Amino acid sequence: MLDVLTADDPLYEELYDVRREAESVGNWVDVAAIMPAVHALRARGPVLAGRLRELLGLPPHERHARAAGRPHWTVLSYEACEAALRDTATFSNSVQGHDNPAGEKSMGILEMDPPVHRAYRRTIQPRFNMPEAMGWWREHTIDTIIERLIARMATGTRADLNLDYCARIPVYTITTAIGLDGDEALRFRHAYLNSTSASRTVTMEQRIANARIVESTVLGLVERRRAEPRDDLVSFLLGMTLQIPGDAPRPLTDREILAHVKLVMVAGGGTSWRQMGIALFALLTHPEQLAAVRADRALVDDAIEESLRWNPTAPYFYRMVTKDVELFGQHIPAGAVLELGLGPANRDPARWERPDEYDLFRPRKSNMAFGLGTHRCLGMNVARVEINRGINALLDHFPHLRLDPDAPAPFMTGGLEQQGVSGLPVLLR
Ligand code: HEM
């Protein structure tokens with residue numbers, strides 16, 4: 001069952017190339033050029049009228065169909081992002097989400113607002129707490145795939161950690177946690193990514209066909225688990241009770257379970273892959289910090305948190321303004337869209353000294369990589385455990401791990417809304 005996850009499959013190169021991913025979404029930018037320009041913009045004010053793309057002089061790209069044609073404001077400081085994220089009555093998540101050609105409109109909790117959001121989130125949250133991430137997730141999925149991938153790499157002298165390691169851990173973790181077989185992981189993700197309006201490189205017919213594959217795969221699983229529950233996320237969701245204020249408590253419907261599963265697949269499959277690559281990129285390009293982590297494994301968590309601050313893989317999120325509001329000197333009308341710069345907030349010089357430097361020894365302060373408040377990332381504990389176990393296992397087995405000096409040097413790449421590393425060619429011994 002695990003062999004497909006550890007075998008060479010051309011789909012890995014297709015699905016796990018950060019630049020290619022951005023090109024297929026249509027939002028590729030020169031990532032390295034963005035931050036200096038963002039610093040200059042933030043110096044003009046924490047909240048600015050206009051889309052970030054316009055302010056930066058980048059080609060247009062519509063991230064969310066529901067934002068089209070609306071006036072935009074851009075938020076670039078930590079304080080202003082925090083204020084917006086905490087005021088869910090004024091700044092609604094309803095703008096986020098992709099409509100799906102097969103008729104499925106909901107991406108689940110990411111686009112809901114309180115109190116409905118809270119009711120739905122409670123039906124899935126218990127599986128994502130830290131004790132579960134350290135216990136259930138490690139035992140069921142994370143440790144198994146890491147062990148297999150390390151064994152596979154141990155026979156060679158070189159590897160591309162992006163493709164051979166980082167790409168394979170989250171897709172297996174999420175798919176098997178849901179209850180699907182590990183060998184379905186890659187093709188299920190391929191179908192999912194090619195089923196939404198975010199995929200620009202497939203025809204409408206292909207999108208509809210892929211959306212049907214995703215739906216029938218998940219709904220078939222729900223039916224099997226209803227008849228015979230197992231120890232997986234779908235069986236767990238079948239046992240949960242939804243309590244929307246004012247309504248009678250009831251179990252989740254099959255389509256509500258489908259919405260949870262699809263969101264977890266999309267939110268957890270790409271992010272941890274890219275962030276694990278960014279954390280390894282940070283350490284491999286800062287050998288003195290890598291040596292310190294190698295000598296004191298208690299620093300692995302600091303290395304991960306600093307990678308999240310330095311280069312969060314998902315640096316921009318969007319909100320719909322529900323009523324006229326003043327935000328840090330800007331009057332913003334109801335119906336406008338706010339672009340929240342979580343990445344820029346993480347580099348705000350008012351909060352961090354030398355914000356552009358990767359320094360795992362800096363005093364730890366909370367950062368915005370996982371968002372804040374009501375919608376704070378559901379999967380952050382799972383992501384942290386995946387990356388922590390992934391880095392520790394590499395350090396355990398490859399004491400001389402370093403970048404391959406004969407291969408192209410890695411760099412940050414991707415789109416405005418999702419970024420990662422170009423590759424991670426390493427020498428293993
Ligand atoms: C390092 C990896 C990750 C990063 C940087 C990240 C980032 C984020 C951010 C910034 C949000 C908030 C979005 C908003 O406020 O609109 C979010 C939400 C979410 N994330 Fe993650 N994520 C990561 C990994 C994961 C994983 C592994 C999963 C699932 C296994 C996951 C599932 C979710 C879900 C379901 C939400 C929506 C929560 C809600 O709306 O209440 N994420 N994530």
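This report describes the ligand site, the nonpolar cores and several individual residues of a predicted model.

**The ligand and its iron atom**

The iron atom of the ligand has a single protein donor, the SG atom of Cys377, at 2.3 Å. Cys377 is placed in the loop that runs between helix H18 (342-346) and helix H19 (380-397). Around the ligand there are 27 residues, and the closest of them are His117, Arg121, Arg319, His375 and Cys377. By class, this shell consists of 13 nonpolar, 12 polar and 2 charged residues. Several elements each contribute at least two residues to the shell, namely helix H7 (116-122), helix H14 (254-269), helix H15 (271-284) and strand E7 (316-321).

Three polar approaches to the ligand are set out below.

| Residue | Atom of the residue | Atom of the ligand | Distance |
|---|---|---|---|
| Asn93 | polar side-chain atom | oxygen | 3.4 Å |
| Gln96 | side-chain N or O atom | oxygen | 3.0 Å |
| Ala267 | polar backbone atom | nitrogen | 3.5 Å |

Asn93 and Gln96 thus approach oxygen atoms of the ligand through their side chains, whereas Ala267 approaches a nitrogen atom through its backbone.

**The nonpolar cores**

The largest nonpolar core holds 109 residues, and within it Leu161 and Tyr165 touch the most other members. Apart from residues up to four places away in sequence, Tyr165 is in contact with Ile146, Leu149, Ile150, Met153, Asp160, Met276, Arg389, Gly390, Ala393 and Leu394. A second core, separate from this one, has 21 residues, among them Trp73, Ala80, Cys81 and Ala84.

**Helix H10**

Helix H10 (residues 168-178) is largely enclosed by the rest of the structure, because 11 of its 11 residues are buried. The buried residues of H10 include the polar or charged Arg168, Thr173, Thr175 and Thr176, together with the nonpolar Ile169, Val171, Ile174 and Ile178. Just after this helix, Gly179 adopts a positive phi of about 125 degrees.

**Two buried residues in helices**

Ile387 belongs to helix H19. Its relative accessible area is 3%, and since buried means under 20%, Ile387 counts as buried. Outside its neighbours up to four places away in sequence, Ile387 touches Ser272, Gln275, Met276, Ala279 and Ile304. Ile387 also illustrates how the fold brings distant parts of the chain together: Gly277 is 110 residues away in sequence, yet the two C-alpha atoms are 9.0 Å apart. Met276 appears among the contacts of Ile387 and also among those of Tyr165.

Arg309 is part of helix H17 (residues 300-310). With a relative accessibility of 2%, Arg309 is buried, because this value falls under 20%. What does the side chain of Arg309 reach at 2.9 Å? The side chain reaches the backbone oxygen of Pro355 at 2.9 Å, and the backbone oxygen of Glu357 at 2.9 Å as well. Pro355 and Glu357 are also listed among the contacts of Arg309, along with Asn346, Arg347, Trp352, Arg362 and Asn367, when residues up to four places away in sequence are left out. From Arg309 to Gly343 the separation is 34 residues in sequence and 7.5 Å in space, taken from C-alpha to C-alpha.

**Backbone features in loops**

Arg354 is found in the loop between H18 and H19, the loop that also holds Cys377. Although Arg354 is not a glycine, its phi is positive, at about 40 degrees. Arg354 is partly exposed, because its relative accessibility of 39% lies between 20% and 50%. Beyond neighbours within four places in sequence, Arg354 is in contact with Asp359 and Arg362. Arg362 is likewise one of the contacts of Arg309.

Phe328 is another residue that has a positive phi without being a glycine, in this case about 45 degrees. Phe328 is located in the loop between strand E8 (325-327) and strand E9 (330-332). Is Phe328 buried or partly exposed? A relative accessible area of 38% makes Phe328 partly exposed.

A further backbone feature is the cis peptide bond between Pro114 and Pro115, for which omega is about 0 degrees. Pro115 lies in the loop that connects strand E3 (91-92) with H7, and H7 is one of the helices that supply at least two residues of the shell around the ligand.

Terms used. Residues numbered from 1 in each chain as written. Predicted model: local features only at pLDDT ≥ 70, side-chain atom pairs only at ≥ 80, totals over all residues. Heavy atoms only, no water. Core = buried A, V, L, I, M, F, W, Y, C linked by side-chain atoms within 4.5 Å. Buried < 20%, exposed > 50% of the residue type's maximum accessible area, 1.4 Å probe, protein only. Contact = heavy atoms within 4.5 Å. Donors = N, O, S within 2.8 Å, 3.2 Å for Na, K, Ca; no water. Helix = DSSP H or I, 4+ residues; strand = E, 2+ residues; numbered from the N terminus. Near = heavy atom within 4 Å. Polar contact = N/O pair within 3.5 Å; in protein donor to acceptor, adjacent residues only side chain to side chain.
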